[in-house]
Every structure is written in C-alpha cells, then in structure tokens.
Amino acid sequence: MKILTWNINGIRASKIKLSELFDSLDADVICLQETKVTRDMLDEPTAIVEGYNSYFSFSKKRSGYSGVATFCKASATPVEAEEGLYKELNPKLEGKVGHYGDVSEFSSDELESLDAEGRAVITKHKIRKHNGVEAELAIINVYCPRVDPDREDRLLYKLRFFALLQTRAEALLQSGCNVIVLGDMNVKHKSIDRSEEDEVGTVTTPSRVWVNQFVWDKDRDPSIAAVENKEDFAGTTSSARGGLFVDSFRYFYPDQTGAYTNWCTLTSARETNYGRRLDYIFTNVELAQSDLKDCVILADVEGSDHCPVKAEYMAEFIPAEKCPPLCTKHMPEFCGKQIKLSSFFMKREKTIESSIEIKTSQDTADQNHIKNTKNDKTEKVTLKRPSNGNKIGNAAKKKKTDSSDSRQGSLKGFFLKTSTKKEVVDIKMEEVSSETKGENHSSEMSVKVESTITVKSNTASAWKNLLQGPPPPPLCKGHQEPCVLRTVKKPGPNKGKQFFVCARGEGHSTNPEARCDFFKWVDYKKK
C-alpha cells in the first residue's frame, strides 16, 4: 500500500483535473492539507473524483482557510471515517472511528476550538500485513497550526493541538489499531531538517521539543531539551507516553541533508533548495518494523510551496463494501437528493407540449340550439412552444446593441478619431472651394492638414511623457543582473515602502548561485 501526504496550498488551484493529478501521484490514499475550501465552497469536481472516495474537514471560523481532505482509491475504501480529533464535532454521525483517550485535561471550549479550524480527518481501514495477518489501520491526516509571531495565543493553540493529537493517536494505538500520523506538522525537527542556522546550545523551541518526545528513541535528537514535567508542558498531557512512532523518512535516510519539503516562493528559494522539512509520515513502531518498505520526498512535483511525501508498505488494503457516512458521495448535493439551482436555468432543446383539458358545462336553456352534444363537454387544447420563441429576445438584444454601436472607445482612440475627422472635414471643404473658386486655395488646404497632423503628434507625445512608466531597475553588485522590486508588508514605519533586491533565489551565503546581499530603497524623489 502507498500513502501520500501533500500540502496542496489550495485544492482548486490545480491546473489539471484532480483525477489526472492523483493518478500521476500513484498512491492508494492521498492526504491533502490546506485545501482552502469551506463547506459552502465545495463543488462537485472537487468533492467527487472518479476512482476515489473523499473525506473533508472544513474550517468553521474563516472562509477559504485551512482544511484537510483524504482521498482513497476504491481499493482502499475505509470502514470508518471521522472529522476532527474529538467526537464533539460530529456527535450524531454514525461510522465514527472512536477511541478518544483521556481528555480530562482539556476544557470543553478548548476541545471545540481545537477542532474548529478544519485541521484533522481520520480514516480507519482494514489491512493485510505481508505475513497474511489482518489488522486495522487508522490514518490521521492533520494540518498543524503555524505560530504567528504577532500573536502569542497561537503558540499555545499549536501546543494544545499537539497534545490532543498525541492523546488521540496513542488511544487508537492502545485499542489495538495500527496508526499513521501524517501531514504538514509545521515543525523542523532536527538541524538537518532546515537550511537556516540552528540554535546554539540546547534547543528549547516548544514544537521541536514536542516532536522529539513523540518519536522513538532512535529518531530523537540529544541536542533538543527533554520534557521534564509533562504537566507543565502544554504540548503533552500527564497520560502521554511518547516514543511510539517512527519518522518514516528518517527511518531509511537518517543522515540525508537537503531533504526539504517546503520553500519560500517569495524569495524563489526552491531554485537553490533553501528550504525546510515540515511534512512528515509517522508510523507506529510495530508497523514500521514489520511492513514499512520505503519513504521518499517527491521534490520534483510542483504546484505548491510544499512537495509530497510518500510512504510504501508491504501490507495491502482490504476495501470496505461501502463508504462510511462522512464520504462526500453521501452529501445531499452530490447524491441526487438535493435539486441544484442551476437545473432551473438549463436550456431545454425539446419542445414542451402540454395538454390542458377544459371542461365547460352547457346551460339547460341552450340545449335546444345544440345537437349531438353532451351536458359536459371536454375540449383538448395543445400548447406548443414556438421553435423561434427566443428570436424576440434576440432581436431586441440585437437592436439594443446596434443602437449603441461603438459609441464608447478607448482613450487613445478619442484623440486619433478626433484628429482624423477634422482632417477629413477640412479636406472636403477645400475640395469644394477649389471647384468653385479655382486652385488658388489648394495651399490653404495643405496647411490645415499639416496643422491637424501636428496636433495629433503632439497629443501622442504628451501622453507618452505622462505615462512613461518606471525607470529600469538597478543591477545587483554580486551578479550584475537586473534586480526585482519588493514592497514592505510588515507593520511598522517602513510599511508600504519599496526596495530592490537581487532577483536570484534565496540560499546559503557560501553559494555563489544564490541571491547576493544587494539592497536599495526606491528613491521617490528621483522617481
């Protein structure tokens, strides 16, 4: 079985059909993060992909924000599926995965808040290991929060999300189910997982401390501080065990450098591979030792600021007979139970025929004047929509179009047309004068034409001077290449100001092919 994770940075931004994209990734289960769709934005091409069944989690706070989705091939259909890390998100939904662990250290408001941003989907599958033993597998697809330096509360939110994630993963593992935790974890574990210079001395970054205790001993970094007291650390609970999962990529490539999954698009850092590893596939130790075959980073796959990570196992999926209730195929608008608004505006090609039966009763006084009729007479009238019924609207539209034929033109055309009309009028007047008074006036006509042409030329040059555009960018000192213009967006005294920097991708200072340190503010006075 092949399982893939990818922060797609907007599922609707794909330039090709999702079915073609998924087939090219060659995976049985595809877990996407940062889909950026909410429930009201989900359309059929996104929700229903041929050959796959899908399960979404949506943000309840902001539109077009966060969101995760898991797409399973028909051969890997799950037996159960659930949105969120705790049961309160879908209390009445059947087919939930269950096993939530001890959440007594979380308040009800906290549990609701942690599941309100659409950051987790869990699918439960039946698998057959390579030794023939059937087992259960829970795949937890997560998009972990990012720390906002301008908001202190987001660091606490991230750590509490980690704590709830670990509580749920270890509870599922304790129930006898194999567990894979994957997704954009928004954490750089070891120093080799980042291009930037590492911290000096003992690493105390909370997110790195959390992931270091989450993985087993062989994956741990001794330079990262240990959790001394679980009750004082917001990233764990007192019942957390830790050390139960394997970093699938480092399991095979423990010392590989330059293995990154995310790059800054603003600085073109992907060109020089100046990135970081934020995307992981964690496998419980037992399953990793028995069936994990390989784990690779697909750095050549573009379309996002992240790249996919794919793990391959010797086990195989046993598909369920039907999709669980959370599947998008069961949503009313996609299963035919809800009439779409667009159906009322569909163009009908066939002629509509309707028969109307009109019953009329005859007065007893008129019966002497009508023969061979009954007291109740039924008349059938057939109404047909004329085949050229919409020609009336088209004719009216055409008439309206003709009446307003090209009365509004471009600003440039205004000056050109004015000059041309004046020239034509002057020439015609002089031709008439020449016929009546002789050829002595021909010189006057040429003077007027030359005057009109001069006016047109002066107008064009005036507009060119007004709209001459920005001056050419300066050349950077390191490569003597044209720089790129940037704008300061960070709040502060320089917000909105523009500056020039080297156009090459960001990289190490020792890399001559990377961006040089050229920097120059835009001089507004000269501009």
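# A friendly tour of strands, helices and rings

Three bridges join strand 19 (residues 498-501) to strand 20, and the two strands run antiparallel. At one point along this pair, phenylalanine 500 stands opposite lysine 520 in strand 20. Please keep in mind that everything described here comes from a predicted model.

## Two open sheets

Strands 19 and 20 belong to an open sheet of three strands, in the order 18-19-20, with antiparallel pairing. The edges are taken by strand 18 (484-487) and strand 20 (519-521); each has a single partner strand, so one side of each is left without a neighbour in the sheet. On average, neighbouring strands of this sheet are turned by 30° against each other, direction ignored.

Another open sheet has six strands in the order 3-4-2-1-14-13, and its pairing is mixed. Its edge strands are strand 3 (52-57) and strand 13 (292-297), each of which pairs on one side only. Here the average turn between neighbouring strands is 15°, direction ignored. Inside this order you can look up strand 2 (residues 29-33) and strand 4 (residues 68-73), an antiparallel pair joined by five bridges. Valine 29 has cysteine 72 in strand 4 as its bridge partner.

## A strand with both faces covered

Is strand 12 (residues 279-284) buried or exposed? Six of its six residues are buried, so strand 12 is largely enclosed by the rest of the structure. On one side sit Asp279, Ile281 and Thr283, on the other Tyr280, Phe282 and Asn284, and with all of these buried, both faces are covered.

Strand 12 pairs with strand 8 (residues 178-184) in the antiparallel sense, over five bridges. Three bridges also join strand 12 to strand 9 (residues 245-247), again in antiparallel fashion. Threonine 283 is a handy landmark in strand 12: it is the bridge partner of isoleucine 180, and valine 246 stands opposite it too.

The table gathers the strand pairs mentioned so far.

| Strand pair | Bridges | Residues facing each other |
|---|---|---|
| Strand 2 and strand 4 | five bridges | valine 29 and cysteine 72 |
| Strand 8 and strand 12 | five bridges | isoleucine 180 and threonine 283 |
| Strand 9 and strand 12 | three bridges | valine 246 and threonine 283 |
| Strand 19 and strand 20 | three bridges | phenylalanine 500 and lysine 520 |

## Two helices side by side

Now for the helices. Two packed helices are described by the angle between their axes and the distance between the axes. Helix 4 (residues 153-174) and helix 5 (residues 206-214) pack at about 10°, and their axes are 10 Å apart. An angle under 35 degrees counts as roughly parallel, and helix 4 and helix 5 are therefore roughly parallel to each other. Helix 4 brings Leu155, Lys158, Leu159, Phe162, Ala163, Leu165 and Gln166 to the contact, while helix 5 brings Pro206, Ser207, Trp210, Gln213 and Phe214. Sorted by class, these are eight nonpolar, three polar and one charged residues.

How many of the nine residues of helix 5 are buried? Eight are, which leaves this helix mostly covered. They are Ser207, Arg208, Val209, Trp210, Val211, Asn212, Gln213 and Phe214. These buried residues pack against helix 4, strand 8, strand 9 and strand 12, so strand 12, itself largely enclosed, comes back into the picture.

## Rings that stack

The last stop is the aromatic rings. A pair of aromatic rings is described by the distance of the centres and the angle of the planes. The model holds 17 aromatic pairs. One of them is the stacked pair of phenylalanine 162 and tryptophan 210, with 4.1 Å centre to centre and 5° between the planes. Phenylalanine 162 belongs to helix 4 and tryptophan 210 to helix 5, so this pair ties together parts that are 48 residues apart in sequence. Phenylalanine 162 is buried, at a relative accessible area of 0%, and tryptophan 210 is buried with a value of 0% as well.

Tryptophan 210 also pairs with phenylalanine 214: the ring centres are 4.8 Å apart and the planes stand at 20°, so this pair is stacked. These two residues are four apart in helix 5, a separation of about one helical turn. Both tryptophan 210 and phenylalanine 214 are buried.

Which residues make up the aromatic cluster? Phe162, Trp210, Phe214, Phe245, Tyr280 and Phe282 form it together. Among them, Tyr280 and Phe282 sit on one side of strand 12.

Technical notes:
Residues are numbered from 1 along each chain as its sequence is written. This is a predicted model: local features need pLDDT of at least 70, side-chain atom pairs count only at pLDDT 80 or more; totals for chains, interfaces and linings use all residues. Side-chain values use heavy atoms; hydrogens and water are left out. Two strands pair if DSSP finds at least two bridges between them. Axes are lines fitted to C-alpha atoms, for helices over the stretch in contact, and angles run from 0 to 180 degrees between N-to-C directions. Angles under 35 degrees count as roughly parallel, over 145 as roughly antiparallel, 65 to 115 as roughly perpendicular and the rest as oblique. Contact means heavy atoms within 4.5 Å. Ala, Val, Leu, Ile, Met, Phe, Trp, Tyr, Cys and Pro count as nonpolar, Asp, Glu, Lys and Arg as charged, and the others, Gly among them, as polar. Buried means under 20% relative accessible area, exposed over 50%, partly exposed in between (1.4 Å probe, protein chains only). Rings of Phe, Tyr and Trp (its six-membered ring) pair if their centres lie within 6.5 Å; planes under 30 degrees apart count as stacked, over 60 as edge-to-face and the rest as tilted.
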